[in-house]
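Open the model in your viewer and keep the selection panel at hand. The stops below are given in the order in which to select them.

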Amino acid sequence: MYKLIPTLCLLLFTMSGNAQDTTVYRWVDKDNIVHFSHQHPNDKDFAKVDVRVAYAPVVPDGEKNSFVDDWLAERQAQKEAKNELERARQASELIEKNCQAAQVNLKLLGGFERILLKEPDGSSRLLTPEEKQEQRMLNKQHVDIYCDGNDNS
């Protein structure tokens with residue numbers, strides 16, 4: 001009996017909308033297992049099953065289910081809007097961090113006469129006055145770009 005329900009469910013899912021035109025055969029094998037098939041069983045005691053469909057939706061040819069399509073389109077639009085808001089939030093955070101870094105760099109470059117620069121290879125050297133001036137100009141540009149022109153140095 002426990003195999004009957006899954007077999008029936010499988011049978012119903014595989015049947016198409018014109019199931020009324022299909023003949024289904026039912027039989028029990030020697031191990032008391034119930035079988036269903038569209039093919040006539042050979043040398044078996046079988047019974048024909050009357051298949052009735054409780055509901056068959058009528059959708060004109062070429063017409064889609066607009067409710068489902070509208071719902072799916074709305075869900076996709078919501079996902080895209082949420083992703084766009086997240087990207088905007090991340091961009092805003094990055095701009096704020098760049099603004100703060102540029103302001104700190106300007107204060108350091110203007111507040112100390114000697115600036116020690118650490119090279120990528122791990123060595124250190126002092127910035128020349130020309131390099132220091134270039135870095136100040138570069139960081140002023142960054143403040144103008146990232147801080148909406150609010151120079152707090």
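Helices (H or I, at least four residues) and strands (E, at least two residues) are DSSP runs, numbered from the N terminus. Residues are numbered from 1 along each chain as its sequence is written. This is a predicted model, in which local features need pLDDT of at least 70 and side-chain atom pairs count only at pLDDT 80 or more, while totals for chains, interfaces and linings use all residues; side-chain values use heavy atoms, with hydrogens and water left out.

**Stop 1: the loop at Asn32**

Select Asn32, in the loop between β1 and β2. Asn32 is not a glycine, yet its phi is positive, at about 65 degrees. Is Asn32 buried or exposed? Asn32 is exposed, with a relative accessible area of 66%. Here buried means under 20% relative accessible area, exposed means over 50%, and partly exposed is in between (1.4 Å probe, protein chains only). The hairpin of β1 and β2 has 5 residues between the strands.

**Stop 2: the strands**

Now select β1 (residues 24-28) together with β3 (residues 46-49). Two strands pair if DSSP finds at least two bridges between them. How many bridges join β1 to β3? There are 4, and the two strands run antiparallel. To see one position, pick Arg26, which stands opposite Ala47 in β3.

Add β2 (residues 34-37), which is also antiparallel to β1 and is joined to β1 by 4 bridges. Pick Val28 here: the bridge partner of Val28 in β2 is Val34. While looking at the strands, recall that in a regular strand the side chains alternate between the two faces of the sheet.

**Stop 3: the disulfide**

Select Cys99 and Cys147, which are joined by a disulfide with an S to S distance of 1.8 Å. A disulfide is counted as a pair of cysteine sulfur atoms within 2.5 Å, and the structure holds 1. Cys99 lies in helix α2 (residues 66-111) and Cys147 in the segment after α3, so the pair ties together parts that are 48 residues apart in sequence. The torsion about the S-S bond is about 115 degrees, so the disulfide is right-handed. Both Cys99 and Cys147 are buried.

**Stop 4: Thr128**

Last, select Thr128, in the loop between β5 (124-126) and α3 (129-146). Thr128 is partly exposed, with a relative accessible area of 33%. Add Ile115 to the selection: Thr128 and Ile115 are 13 residues apart in sequence, and 8.5 Å apart in space from C-alpha to C-alpha.
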